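Work through these exercises with the structure open beside you. Try each task before you read its solution.

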Amino acid sequence: MSAIGDTILTTPVACRLRDAFPDALIGWVVERKSSRFIVGHPAVDETIVLDRGWWVTPTKIEATKRRLSGFCFDVAVDCQSVTKSALACWLSGAKLRIGLRGQYGGELSPWLNNRLIEPRRPHLTDRSLEMLAPLGVGAAGEPYESVRWDLPASPGAEKAVARWAPADEPFAVINPGATWDSKLWEMERFGRVAERLGRERGLRSFVVWAGDREHAWARLISRHSGGWAEVAPATSLDELAALLRQARLMLSADTGPMHLAVAVGAPTVGLFGSTRPEDCGPYGAPHLAVQKRFQSGGRRARRKADNSAMREITVDDAFRACQRVLDRTAARYPNAPIAMAS
């Protein structure tokens, strides 16, 4: 409901439901921050956008109940399975409310949902799809190739990006930011990877950013890239998606733009320290995740930790993963002018 990356990772649920129930009314409850790729999604009929804090007072809860119950939903699927998402499902009035049990069923969700699924696969996308089993949809173990994201594109954003991103020259995208400081890699190392991508693979890089802190990081990366990395203009989420649709490669920590890259088809390398790739890594092939050490502790401790686990990833580690992903996808671009160093 509230994290952009996790919202993107669960859009295959809507696609699978639409395939199985083409005539059903499918609604998605989402908080405003993460609503961009749900509003207008081809598999979703109704997007119910809630403001932050919609569940913290009785008055707001009652208003949400009136809004949701008007749709007369039969089934609610609680992919997040925490208190507020389970509360939204309960307020919808759906008689069947599917949630998660075990380590993935958090807070009050096991008591607010009435059909609990214990997933067999850890990745957020996989375990979300497993929740559709009570509806006779899908089966655990389906190949990742059958998973679709179908994120809506914005022609206006594509035109805006076309003004500065070359349509006839291959490029990589580097995203240095992350929601947790413990997920951050060293900016100088991003710059050195960009330099090697340029010198050894003929790829220039755009460094994307959001906010003043990330803008400063982007400039630092560019300074350490030997002239191969360029600071991208400020981009909206739609424009970032348009840029990633053209990218030959995305290099990022575990954050929303990494999942957006996968969803729009950009070959992706994800860097991990305080989260596990098996839970939330770049999904499927040709993408790769790099992790040298997992930061110990619970979620709160890992969020507040330093980035020492990320710092164990070397420039060589990241560049080798980029090389492998580029080699895996070379057949897509038979005429691409990519240089190889001897």
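**Exercise 1. A buried helix**

Task: Find which residues of helix α2 are buried.

Solution. Keep in mind that this is a predicted model. Step one: apply the cut-off, where buried means under 20% relative accessible area. In α2, the residues that pass are Thr 11, Pro 12, Val 13, Ala 14, Cys 15, Arg 16, Leu 17 and Arg 18. Step two: set them against the helix as a whole. Helix α2 covers residues 11–20, and eight of its ten residues are buried, so the rest of the structure largely encloses α2. Step three: look for the cover. The elements over the buried residues of α2 include α1 (4–9), β1 (27–31) and α6 (124–130).

**Exercise 2. The whole chain**

Task: Describe the secondary structure of the protein chain, then decide how compact the chain is.

Solution. Start with the elements. The protein chain has 15 helices and eleven strands. Now compare two radii. The radius of gyration is 21 Å, and the globule rule gives 20 Å for 342 residues; the two are close, so the chain is as compact as a globular protein of that length. Next, take the dimensions. The C-alpha trace spans about 65 × 40 × 40 Å along its principal axes. Then turn to burial and surface. Of the 342 residues, 51% are buried. The accessible surface comes to about 15600 Å², and carbon and sulfur atoms hold 50% of that surface. Finish with the contacts. Take those between residues at least 6 apart in sequence: 61% of them join residues at least 24 apart.

**Exercise 3. A three-stranded sheet**

Task: Give the strand order of the open sheet that contains β4, and name its edge strands.

Solution. Read the order: it is β3-β4-β5, with parallel pairing. Look for strands that pair on one side only. These are β3 (75–77) and β5 (115–117), the edge strands. From one strand to the next, the twist averages 20°. Now check one pairing. Three bridges link β3 with β4 (residues 96–100), in the parallel sense. One residue pair shows the match: Val 75 has Leu 96 in β4 as its bridge partner.

**Exercise 4. Following the crossovers**

Task: Trace the chain from β6 to β8 and give the handedness of each crossover.

Solution. Begin with the β6 and β7 pair. Strand β6 (residues 171–175) runs parallel to β7 (residues 204–207), and four bridges join them. Ile 174 has Val 207 in β7 as its bridge partner. Add the helix: β6, α8 (residues 187–201) and β7 form a right-handed β-α-β unit. Continue to β8. Strands β7 and β8 (residues 229–231) are also parallel, with three bridges. Here Val 207 stands opposite Val 231. Between β7 and β8 the chain passes through helix α9 (residues 211–223), and this β-α-β crossover is right-handed too.

**Exercise 5. One residue, distant neighbours**

Task: Is Ala 263 buried or exposed? Which residues does Ala 263 touch, not counting those up to four places away in sequence?

Solution. Place the residue: Ala 263 lies in helix α11 (residues 256–264). Use the cut-off of under 20% again. Ala 263 has 11% relative accessibility, so Ala 263 counts as buried. Now list the contacts. Leaving out residues up to four places away, Ala 263 touches Ile 8, Trp 149 and Leu 151. Last, compare sequence with space. Ile 8 and Ala 263 are 255 residues apart in sequence, yet their C-alpha atoms are 7.4 Å apart.

Conventions: Residues numbered from 1 in each chain as written. Predicted model: local features only at pLDDT ≥ 70, side-chain atom pairs only at ≥ 80, totals over all residues. Heavy atoms only, no water. Pairing = 2+ DSSP bridges. Helix = DSSP H or I, 4+ residues; strand = E, 2+ residues; numbered from the N terminus. Axes fitted to C-alpha atoms, helices over the stretch in contact; angles between N-to-C directions. Rg over C-alpha atoms; globule rule 2.2 N^0.38 Å. Buried < 20%, exposed > 50% of the residue type's maximum accessible area, 1.4 Å probe, protein only. Contact = heavy atoms within 4.5 Å. Areas by Shrake-Rupley, 256 points an atom, 1.4 Å probe, with all protein chains shown as cover. Right-handed = clockwise from strand over helix to strand, strands pointing away.
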